[in-house]
Amino acid sequence: MLTIGLTGGIASGKSTVGKKFAELGAGFVDADIIARQAVLPDTDCYRALVAKFGAAVVLPNRELDRAQLRRRIFESEEERRSLENILHPAILSQIRVELRRMNADYTVVDVPLLVENDLQSEFDRVLVVDCSADVQLDRLMKRDGETEATAKNMIAAQVSREQRLAVADDIVQNDFSLLELDEQVAILHRDYLELARKI
């Protein structure tokens, strides 16, 4: 089965693009969903995160305070690395499990930190959702209600747009209308089906 690693900067529109492929019949795996499941109370990752970051990141219902945890890791590279060292091996292991379960011509795997974690070799192709820096900043502030300073820190914590584009086999440009986005996804869907038939 053909596998497509889908990535892009925060607020670039990765999730929207992934859902569009799923609507066209592609297999779809969302690393963010896997990450949320990995930190449910009493999982190994949950216990490791509480041990590392303390009870301050636990809500009264025992779930992780994801907003506070996110603020902390975007303010401290050391804390971000600690979180990644706990979570990423578990997420990658579950992605591989999900791929083995798929029954589709090709599967798109939404991996926000694909380039940061050098996961290109896990997939047959890398698809980058790209948008301008101004559009990305505006979307992030509107979507998450972040201040401009916090939003800029979140963007800066990821690899640069140029680094992402440098590893792309395919690019979806997401600065424009949803209609134009649909057209780009439809073209790639046909391309991926053709490639899948050759495997």
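Is C45 buried or exposed? At 9% relative accessibility, C45 counts as buried, where buried means under 20% relative accessible area, exposed over 50%, and partly exposed in between (1.4 Å probe, protein chains only). The structure is a predicted model, in which local features need pLDDT of at least 70 and side-chain atom pairs count only at pLDDT 80 or more, while totals for chains, interfaces and linings use all residues. Residues are numbered from 1 along each chain as its sequence is written, and side-chain values use heavy atoms, with hydrogens and water left out.

A second cysteine, C131, is likewise buried, with a relative accessible area of 5%. A disulfide is a covalent bond between the sulfur atoms of two cysteines. With a disulfide taken as a pair of cysteine sulfur atoms within 2.5 Å, the count for this model comes to 0.

The secondary structure of the chain comprises 9 helices and 5 strands, helices (H or I, at least four residues) and strands (E, at least two) being DSSP runs numbered from the N terminus. Along the sequence these elements follow the pattern β-α-β-α-α-α-α-β-β-α-α-α-β-α. The radius of gyration, taken over C-alpha atoms, is 17 Å, which agrees with the value near 16 Å that a compact globule of 199 residues would have under the rule of 2.2 Å times the number of residues to the power 0.38. Taken along the principal axes, the C-alpha atoms fill a box of roughly 50 × 40 × 30 Å. Of the 199 residues in the chain, 42% are buried. The chain exposes about 10500 Å², of which carbon and sulfur atoms supply 49%, as computed by the Shrake-Rupley method with a 1.4 Å probe, only the protein chains shown counting as cover for residues. When contact is defined as heavy atoms within 4.5 Å, 73% of the contacts between residues at least 6 apart in sequence join residues at least 24 apart.

Charged pairs were examined next. Side chains of opposite charge can pair when their charged atoms come close. With a salt bridge defined as a side-chain nitrogen of Lys or Arg within 4 Å of a carboxyl oxygen of Asp or Glu, the model contains 16 salt bridges. One of them joins R70 to D144, with the closest N and O atoms 3.2 Å apart. Because R70 lies in helix α4 (residues 66–75) and D144 in helix α6 (residues 133–144), this pair ties together parts that are 74 residues apart in sequence. Both partners are partly exposed, R70 having a relative accessible area of 27% and D144 one of 25%.

The salt bridge between R70 and D144 belongs to a network that links R70, R143, D144 and E146. Within this network, E146 is placed in the loop between α6 and α7 and, at 17% relative accessibility, counts as buried. The side chain of E146 makes a polar contact with the side chain of R70 at 3.0 Å, a polar contact being a pair of N or O atoms within 3.5 Å, of which, within protein, one must be able to donate a hydrogen and the other to accept it, residues adjacent in sequence counting only if both atoms are side-chain atoms. Apart from its neighbours within four places in sequence, E146 is in contact with R70, L140, M141, A151 and M154.

Two further salt bridges can be set beside this network. R125 pairs with D170, the closest N and O atoms lying 2.9 Å apart, and since R125 lies in strand β4 (residues 125–130) and D170 in strand β5 (residues 170–173), the pair ties together parts that are 45 residues apart in sequence. R125 is partly exposed, with a relative accessible area of 22%, whereas D170 counts as buried at 11% relative accessibility. In the salt bridge between R80 and E84, the closest N and O atoms are 4.0 Å apart. These two residues are 4 residues apart in helix α5 (residues 77–101), and are therefore separated by about one helical turn. R80 counts as buried at 12% relative accessibility, and E84 is buried as well, with a relative accessible area of 9%.

An uncharged polar contact was also found in the model, between the side chains of T150 and T147 at 3.0 Å. T150 lies in helix α7 (residues 148–156) and, at 28% relative accessibility, counts as partly exposed. From P112, T150 is 38 residues away in sequence and 18 Å away in space, C-alpha to C-alpha.
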